[in-house]
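Colleague: Please take a close look at one part for me, the aromatic rings and what surrounds them, and explain each term as you go, since I am in my first year.

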Amino acid sequence: MTRRVIKLIVICTMVLSAVSAQAAGFGIYEYSARANALGNSVMAGKADPSSIAVNPAQVTQLEGTQLAVGATGIYPSATVKIDSPAEDAGSYDGKSSVWTMPHLYVTHALTDELYLGVGTFARFGLGTKFDEEWAGASDVHDVRIRSFSINPVIGYKVTKNFSVAAGPEIMWFDFLLKKKTGHPRVPGYLDTEMSGDSWGAGFTLGARYQFNDWLSAGASYRSEVRQDVEGDITMDAGSMRLLDTSASGKITLPQQIGIGFNVKPTDKLSVEVGATWIGWSSYSELCVKFDGGPFEKKSDYKDTWRYNIGAEYNINDNWDVRASYVYDNSPLNSDSLSYMVPASDRQLFGVGAGWHDNSWSVDVSYTYLLMAERSFSVHAAKSTGMPYTQSGEFKDGDAHLLALTIGYKF
């Protein structure tokens, strides 16, 4: 096998695998402790600085200058049960780890009509790690996808009851993927690694309307963000490096449209229902460039919906309690599964509490994420010239999410 053919096989396999892990629908929606506790049901009701990430038009409710900073810790786990081929049969658990998603928001009321804000948060991410010698290592044994968005916005009160907002989104995208080229039962089981990053840009729009004292509605739009990823690929056999080259790929991260309706049955209780459409079908083709020429691959991802309901109750002047439920559809079709992505629908159950006075606020939340079990057929090791299929189940997938946000009003 010539060096050029080796480059073709490794580059195409690694770049396609790494980017498809992101495109498989690992959107992140953990923007603050209060938003987490409400399942992001902050599109139309009471605002806080983190509303920038959900509906930027909400900033027109915030007086003076306000700051909010915090993080969400995510502790996921899942089991892969391989039924066939018999040589690979068994149950394999992902390695335990905590992924931290920080957030920071600042808002300022410039005039009674004009408002400014900026948010920094993550919208896409993934972390999956297995033992290096597990039976699915030729697909992946370690993958990390990270993103970081900077989102300045301008909000304007068109009338007393109607507000709009807009702003650019500047996003950093980074990934690392490790796998084995070959199969543990075949000599020449090589370590392969790919890493790369890029910057992309999009924009966001928001609107909010207050119908009366007890009913309000909100809507938001986030555009597609195109990423032109530049990376490096290495392939090692023990202490010997067989390949060290560069590659590039393109991916368009999806647009999304959100709506929400907030109702206040009493002065102390508010309930919001909403839905978000996510256009994952924008990932229709990936083009990889390398020394040997371009390589193109079609995909079959589908658009999805995410549904949410959240309730907030004001106990007294200083304390609020919250609860929520979210149903999140998976965008993957059955013939596009990979061990990198626990490919199933998800349910999220959130609770939280908040304390506040005239200047300070402290919010905490806990969310339990439950993944539905799903059968799979993963086509592995095609790059070795010895293609085979592993069949089984993704099972026992869940995650625990803890968040803390501290706010201050100037």
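**A pair of rings and its surroundings**

Modeller: Phe-124 and Trp-280 are both buried, where buried stands for under 20% relative accessible area, exposed for over 50% and partly exposed for what lies in between, with a 1.4 Å probe and protein chains only. The model is predicted, and for that reason local features need pLDDT of at least 70 and side-chain atom pairs count only at pLDDT 80 or more, while totals for chains, interfaces and linings use all residues. Residues are numbered from 1 along each chain as its sequence is written, and side-chain values use heavy atoms, with hydrogens and water left out.

A pair of aromatic rings is described by the distance of the centres and the angle of the planes. Rings of Phe, Tyr and Trp (for Trp, the six-membered ring) pair if their centres lie within 6.5 Å, and the planes count as stacked under 30 degrees apart, edge-to-face over 60, and tilted for the rest. By this rule the count comes to 12 aromatic pairs. In one of them, the ring centres of Phe-124 and Trp-280 are 6.0 Å apart with the planes at 80°, so this pair is edge-to-face. Phe-124 lies in the loop between S4 and S5, whereas Trp-280 lies in the loop between strand S13 (269–278) and strand S14 (285–289), so the pair ties together parts that are 156 residues apart in sequence. The labels refer to DSSP runs numbered from the N terminus, helices being H or I with at least four residues and strands being E with at least two.

Another aromatic pair is formed by Tyr-209 and Phe-211, which is edge-to-face as well, at 4.9 Å centre to centre and 70° between the planes. Here the surroundings can be read from the accessibility: Tyr-209, at 33% relative accessibility, counts as partly exposed, and Phe-211, at 45%, also counts as partly exposed.

Trp-280 also appears among the neighbours of Thr-304, a residue found in strand S16 (residues 304–314). Leaving aside neighbours within four places in sequence, Thr-304 is in contact with Thr-276, Trp-277, Ile-278, Trp-280, Asn-329, Ser-330 and Pro-331, a contact being heavy atoms within 4.5 Å. Thr-304 is itself buried, because its relative accessible area is 3%.

Ring pairs also link Tyr-31, Tyr-105 and Phe-121 into a cluster. Once residues up to four places away in sequence are left out, Tyr-105 touches several residues, including Tyr-31, Pro-49, Ile-52, Val-118 and Phe-121. Two members of the cluster return in the largest nonpolar core, where Tyr-31, Tyr-105 and Leu-253 touch the most other members of its 22 residues. Such a core is a set of buried Ala, Val, Leu, Ile, Met, Phe, Trp, Tyr and Cys residues joined through side-chain atoms within 4.5 Å. Strand S4 (114–121) and strand S11 (240–253) are the elements that give two or more residues to this core. A second, separate core has 14 residues, among them Leu-126, Phe-173, Leu-177 and Leu-243. In soluble globular proteins, nonpolar side chains tend to be buried together.

One more tryptophan deserves a word. Trp-134 sits in the loop between strand S5 (126–129) and strand S6 (142–157), and it counts as buried because its relative accessibility is 3%. Trp-134 and Lys-180 are 46 residues apart in sequence, while their C-alpha atoms are 10.0 Å apart in space.

To set these rings within the whole, the chain has two helices and 21 strands, and 52% of its 410 residues count as buried. Among contacts between residues at least 6 apart in sequence, 68% join residues at least 24 apart.
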